[in-house]
Structures are given as structure tokens and as C-alpha cells.
Amino acid sequence: MRVICITQARMGSSRLPGKVLTLIAGQPMLEYHIERVAQSSLIDTHIIATSDQESDQAIADYCQTKQLTCFRGDEQDVLARFYQAAMSVKAKDDDIIIRLTGDCPLICPELIDQAIRKHQAGDLDQYTHISLTYFPRGFDVEVFSMASLKRAYQQAHSQAQREHVTLYLYSQSAAKIVPIETGQTSWSAFRLCVDEIDDLRLVQQLIDLLGEGWLTAGPEKICNLLIEHPRLADINKHVAQRIAH
């Protein structure tokens with residue numbers, strides 16, 4: 001059983017074009033994400049999955065420069081791109097697949113590993129995720145088996161299900177959905193993903209505040225900083241949150 005992590009990344013954001021390669025303290029935002037993912041003790045393979053559009057050539061070039069595995073596929077059928085990225089490294093049915101997005105520069109490796117372990121304790125049909133009822137946007141982690149991904153790829157037909165990789169999986173009536181939760185429900189009010197310019201401003205200032213500890217800071221450290229610096233958390237407070245799973 002391998003653990004294969006796939007990060008979706010693209011340059012064509014309508015609200016903040018080119019965001020994944022925007023520089024924060026001289027380093028592309030995607031690089032923060034990649035370096036924090038690398039702190040996971042359980043991931044065997046990490047793939048950056050981008051589109052085959054010319055606009056995403058910059059991501060492919062960046063991956064080549066950094067010697068990162070990059071897969072390019074259909075821009076609109078993200079489910080197909082994701083499945084084909086897994087197949088490009090010969091994923092088997094019982095392999096564990098992790099879905100991340102490149103607009104989460106402060107993704108937490110300890111939460112990734114916690115979700116992996118919870119999934120390993122279940123079965124191939126289990127869908128394990130970080131509950132956004134408890135954790136901030138930007139700590140998003142979804143874990144499922146390659147068998148589940150293959151089923152979604154073969155059976156999902158609606159446009160929404162093809163655009164959103166896991167929509168088919170967790171919308172099934174028989175789905176075994178296991179959330180990772182915490183007692184800190186107040187954390188869910190924070191936004192640490194980057195969709196708009198104020199999200200970027202918040203992350204830039206938070207990384208500056210974390211200093212050299214940005215690489216290993218866990219969810220408690222990060223969220224407590226936002227609690228201690230409410231003006232920082234207010235920067236993107238107006239941005240509408242996505243509905244939690």
C-alpha cells in the first residue's frame with residue numbers, strides 16, 4: 001500500500017490570477033505548500049496536477065526546475081486529471097490517495113498524517129477528511145482509496161462531479177464519511193486558503209509573524225497566533241467561506 005498525495009494547482013484563478021506562483025517573501029506560494037507537505041512522515045509520492053493549458057506551463061516549468069513530479073491533464077474534467085495523475089505512477093486499488101490544493105500554503109503535515117492513519121484504520125470505501133466545521137479553510141485534506149477514485153472516475157457524469165474530484169464520493173448514500181475534528185470550533189472562522197487578494201495579504205503577514213517557524217508550525221500554533229492578533233484575522237474576514245463538509 002502506497003500513500004500518493006496529489007495537489008491540484010493552476011494559474012487561471014478568476015479572482016486572483018497566477019496566485020499559486022505569487023511570491024511571498026521571495027518564494028512562490030506553491031513552494032510553501034510543497035515544503036510543508038514534505039514534512040509528512042507517511043506520504044510516499046507527491047504529484048502536482050495541473051492543466052494542459054498554455055497558461056499552466058509556468059507550473060510545469062516550476063516543477064521541472066524543482067525536480068517535482070508534475071502531471072498535466074484536462075482543465076475542465078478535473079476528476080479525469082486527478083485519476084490519470086494517480087495512474088501515471090501506477091496506483092493500485094488499495095493505495096491511499098490524498099487530495100490537496102495548491103492555494104493552501106500553510107497545509108498542516110500533522111493533519112495530513114492524522115487523516116491518513118484514520119483512513120488506514122477503515123476500509124477502501126472510507127472517505128476521510130479534515131472537518132471544516134472545526135478547522136480553517138486552508139487546512140483542507142481529503143483521503144480515499146484508489147479504488148474509490150476509480151469508481152468516481154467511471155461513474156460520475158454530471159459537470160459538477162467532473163469539476164470537483166470528491167463530490168461524487170461523499171454524495172453517495174452509502175459513503176462512509178469519517179471527519180477529523182477538534183474541540184476548537186472557533187478555528188473554523190479563519191481562512192488560510194488563498195482565493196482573493198486579502199487572503200494573500202493575511203498569509204503573507206502570518207508567514208512573516210511565524211518567521212523561521214513557518215515550516216513546522218502546527219494547527220494550534222497557527223490558529224493561536226490568529227486569536228492573539230485579531231486584526232490579522234480580520235484582514236479576510238469578509239471573504240465568504242465555502243460550506244464545510
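**Cysteines, fold and selected residues of a predicted model**

A search of the whole structure, which is a predicted model, finds zero disulfides. A disulfide is a covalent bond between the sulfur atoms of two cysteines, and the distances between cysteine sulfurs show how this result arises. For Cys-70 the closest cysteine sulfur is that of Cys-63, at 4.1 Å, which is too far for a bond, given that a disulfide requires a pair of sulfur atoms within 2.5 Å. Cys-70 has a relative accessibility of 28% and therefore counts as partly exposed. Cys-223 is likewise in no disulfide, and the cysteine sulfur nearest to it, that of Cys-108, is 7.5 Å away. In contrast to the partly exposed Cys-70, Cys-223 is buried, with a relative accessible area of 0%.

From these cysteines one can step back to the overall fold. The protein is built with ten helices and nine strands, and its C-alpha trace spans about 45 × 40 × 35 Å along the principal axes. For 245 residues, a compact globule would have a radius of gyration near 18 Å, and the 17 Å found for the protein agrees with that expectation. Of the 245 residues, 54% are buried, and among the contacts with a separation of 6 or more, 73% are between residues 24 or more positions apart. Towards the outside, the protein exposes about 11,100 Å², of which carbon and sulfur atoms supply 47%. As for charge, there are 24 positive and 31 negative charges, and the mean positions of the two sets are 2 Å apart.

The region around strand β2 offers a way into the interior. Ile-24 belongs to this strand, which covers residues 23-24, and with a relative accessibility of 2% it counts as buried. Leaving aside neighbours within four places in sequence, Ile-24 is in contact with Met-29, Tyr-32, Leu-200, Val-203, Gln-204 and Ile-207. Two of these partners, Met-29 and Tyr-32, are themselves among the buried residues of helix α1. A further pair involving Ile-24 shows separation in both senses, since Ile-24 and Arg-231 are 207 residues apart in sequence and 20 Å apart in space, taken from C-alpha to C-alpha.

Ala-25 follows in the loop between β2 and β3. Whereas Ile-24 is buried, Ala-25 is exposed, with a relative accessible area of 79%. Its backbone also deserves attention, because the phi of Ala-25 is near 50°, a positive value in a residue other than glycine.

Helix α1, which covers residues 29-37, is largely enclosed by the rest of the structure, since eight of its nine residues are buried. The buried set consists of Met-29, Leu-30, Glu-31, Tyr-32, His-33, Ile-34, Arg-36 and Val-37, and thus includes the charged side chains of Glu-31 and Arg-36. An α-helix has 3.6 residues a turn, so residues three or four places apart point the same way.

Helix α2, covering residues 57-65, contains Tyr-62, a residue that is buried with a relative accessible area of 10%. Apart from neighbours within four places in sequence, Tyr-62 is in contact with Leu-21, Pro-28, Leu-30, Glu-31, Ile-34 and Leu-68; of these partners, Leu-30, Glu-31 and Ile-34 are listed among the buried residues of α1. Tyr-62 and Gly-12 are 50 residues apart in sequence, and their C-alpha atoms are 16 Å apart in space. In the loop between α2 and β5 lies Gln-67, which has a positive phi of about 60° although it is not a glycine. At 75% relative accessibility, Gln-67 counts as exposed.

Two further helices complete the walk through the model. Ser-148 has its place in helix α5, residues 146-155, and counts as buried at 3% relative accessibility. Outside its neighbours within four places in sequence, Ser-148 is in contact with Leu-124, Asp-125 and Leu-169. Pro-230 is found in helix α10, residues 230-233, where it is partly exposed, with a relative accessible area of 47%. Pro-230 and Leu-23 are 207 residues apart in sequence and 25 Å apart in space, again from C-alpha to C-alpha.

Methods. Residues numbered from 1 in each chain as written. Predicted model: local features only at pLDDT ≥ 70, side-chain atom pairs only at ≥ 80, totals over all residues. Heavy atoms only, no water. Helix = DSSP H or I, 4+ residues; strand = E, 2+ residues; numbered from the N terminus. Rg over C-alpha atoms; globule rule 2.2 N^0.38 Å. Buried < 20%, exposed > 50% of the residue type's maximum accessible area, 1.4 Å probe, protein only. Contact = heavy atoms within 4.5 Å. Areas by Shrake-Rupley, 256 points an atom, 1.4 Å probe, with all protein chains shown as cover. Charge placed at Lys NZ, Arg CZ, Asp CG, Glu CD.
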